[in-house]
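User: Hello! I am new to protein structures and would like to learn how to read one, step by step.

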Amino acid sequence: MHSHLLPGIDDGSPDPETSVRLIKGLQDLGYKKFITTPHVMEDLFRNNKRTIKDAHICLIDKLKELKMDLSIRYAAEYLLDGNVDSMLEKKIPMLTLKDKMVLVEVSFVSPPIYLKEVLFEMQMKGYQPVFAHPERYGFYHAKPAEYEEIRDMGCLFQCNLLSFSGYYGTPVRQAAEYLVKNGLVDLLGTDLHHDKHLQALRDLPYTPSLQKLVAEQGVMNRKL
Ligand SMILES: [Fe+2]
């Protein structure tokens, strides 16, 4: 439920051929259904429903040409920037993972001072925010209580599978394990952008934290 498989609109797959190769790789790993989530960032990837839909059509055409029959839907991964403020203000519908669930991310550089206000505003508009990879934000590592606060607001947490292997470094792995230990993980995603991610997913060890998620929380069984 979190990947960058649509061709040519963000820092994920650059073209339909690459998208197909990545999808086939994920299918080999057992993935059957995809909800792909291109970045929407006002300064970098100025995507909207039209650009995302067009890229989706382009990929579907390629899949049809190759007679590949699979379920691939689109949503988006929204950076909480001015664009989101404006969408909320103008009541422009946001793309959802399912029902009213919307995937959001924040800047890796600094903690957003207005985060709680935006999440609250989203909820006021009827959305269920899903915080993408909270474990990857270094500024929360020394302040894990922030995680509880954000999740207590009603925000769901989505961890990246590769965080558990140490792909993004030891502090990120430790933060992911902290979230599991404290029962704060709601969803898992690949956040797959390119071949390197695919290879790392192939090599992903079935860590004690992942085992715990499956055994105690059924996270990997949650279907969208
Ligand atoms: Fe992502």
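Analyst: Happy to help! Let us begin with a term: a crossover is right-handed if, with the strands pointing away from the viewer, the path from the first strand over the helix to the second runs clockwise. Keep in mind that this model is predicted.

User: Which elements make a right-handed β-α-β unit here?

Analyst: The unit is built from strand 5, helix 4 (residues 115–124) and strand 6. Strands 5 and 6 run parallel and are joined by 4 bridges. In one of these pairings, Met101 stands opposite Gln128 in strand 6.

User: What is the order of the strands in the open sheet?

Analyst: The order is 2-4-5-6-7-8, so to speak a list read across the sheet, and the pairing is parallel. Strand 2 (39–40) and strand 8 (187–189) stand at the edges with a single partner strand each, so one side of each has no neighbour in the sheet.

User: How do I follow the pairing from strand to strand?

Analyst: Go through the neighbours in turn. Strand 4 (residues 77–79) pairs with strand 5 (residues 101–105) over 3 bridges, in the parallel sense. There, Glu77 has Leu103 of strand 5 as its bridge partner. Further along, 3 bridges link strand 6 with strand 7 (residues 156–160), again parallel, and Val130 is matched with Leu156 in strand 7.

User: Is strand 6 largely enclosed or left open?

Analyst: Strand 6 (residues 128–132) is largely enclosed by the rest of the structure, because 4 of its 5 residues are buried. A useful general idea about strands is that, in a regular one, the side chains alternate between the two faces of the sheet.

User: Which residues touch the most other members of the largest nonpolar core?

Analyst: They are Tyr78, Val102, Leu103, Val104, Val130 and Leu179, in a core of 52 residues. Helix 7 (residues 170–181) gives this core its largest share, 5 residues. Looking at Leu103 by itself, its contacts beyond four places away in sequence include His2, Thr37, Tyr78, Val130 and Gln158.

User: And how do I describe the whole protein?

Analyst: Start with the elements: the protein has 9 helices and 8 strands. Its radius of gyration is 17 Å, close to the 17 Å that the globule rule gives for 224 residues, so the protein is as compact as a globular protein of that length. The C-alpha trace spans about 50 × 45 × 30 Å along its principal axes. Of the 224 residues, 35% count as buried. Finally, among contacts between residues at least 6 apart in sequence, 75% join residues at least 24 apart.

Key
Residues are numbered from 1 along each chain as its sequence is written. This is a predicted model: local features need pLDDT of at least 70, side-chain atom pairs count only at pLDDT 80 or more; totals for chains, interfaces and linings use all residues. Two strands pair if DSSP finds at least two bridges between them. Helices (H or I, at least four residues) and strands (E, at least two) are DSSP runs, numbered from the N terminus. A residue is buried if 20 or more other C-beta atoms lie within 10 Å of its own, exposed if 12 or fewer, and partly exposed in between; C-beta atoms are placed from the backbone. The radius of gyration is taken over C-alpha atoms; the globule rule is 2.2 Å times the number of residues to the power 0.38. Two residues are in contact if their C-beta atoms, placed from the backbone, lie within 7 Å. A nonpolar core is a set of buried Ala, Val, Leu, Ile, Met, Phe, Trp, Tyr and Cys residues joined through C-beta atoms within 7 Å.
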